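Opened a new model today and wanted to look up the strands and the aromatic rings. Jotting things down as I go.

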Amino acid sequence: VVNTLNRMGKDCVIHLDPEQARFVRKSELADGHQVWCCLKKDSLFDEYLIESMNANNIGFSLNLESLEKALKSALAIGAHPVA
């Protein structure tokens, strides 16, 4: 998901709520297109708890290129477990 969204632009808005994570990528063009993906919490996390004073919703934007690099690094570390 991150790789695909990253190809469309560098920034993404992520909305987390108690049941799911939504990735929203708005087009930088004037046409107003947007791409979004909604994933259930169980498909992303083993443990997941979201609490906030905003009806348990958290939203933020982040650079997809940085997120993709962090995920690749985590996968590489996970492939070589420390004894």
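My notes on strand pairing come next, then the rings.

**Entry 1, strands.** Reminder to self: this is a predicted model. I started with strand β2, residues 20–26. How many of its seven residues are buried? Five are, so β2 is largely enclosed by the rest of the structure.

**Entry 2, partners of β2.** I looked up strand β1 (residues 11–16) and found it joined to β2 by four bridges, running antiparallel. Between β1 and β2 I see three residues, and the two strands form a hairpin. For a register check I took Leu16, which stands opposite Ala21 in β2. Then I turned to strand β3, residues 34–40. Seven bridges join β3 to β2, and this pairing is antiparallel too. Here I noted Phe23, with Cys37 of β3 standing opposite.

**Entry 3, rings.** I went looking for aromatic pairs and got one in the structure. Which rings make it up, and is the pair stacked or edge-to-face? The rings belong to Phe45 and Tyr48, with centres 4.8 Å apart and planes at 25 degrees. Planes under 30 degrees apart count as stacked, so this pair is stacked.

**Entry 4, exposure of the pair.** Are Phe45 and Tyr48 buried or exposed? I have Phe45 at a relative accessible area of 35%, which is partly exposed. Tyr48 comes in at 18% relative accessibility. The cut-off for buried is under 20%, so Tyr48 counts as buried. I'm leaving the rings there: a stacked pair, with Phe45 partly exposed and Tyr48 buried.

Definitions and conventions:
Residues are numbered from 1 along each chain as its sequence is written. This is a predicted model: local features need pLDDT of at least 70, side-chain atom pairs count only at pLDDT 80 or more; totals for chains, interfaces and linings use all residues. Side-chain values use heavy atoms; hydrogens and water are left out. Buried means under 20% relative accessible area, exposed over 50%, partly exposed in between (1.4 Å probe, protein chains only). Two strands pair if DSSP finds at least two bridges between them. Rings of Phe, Tyr and Trp (its six-membered ring) pair if their centres lie within 6.5 Å; planes under 30 degrees apart count as stacked, over 60 as edge-to-face and the rest as tilted.
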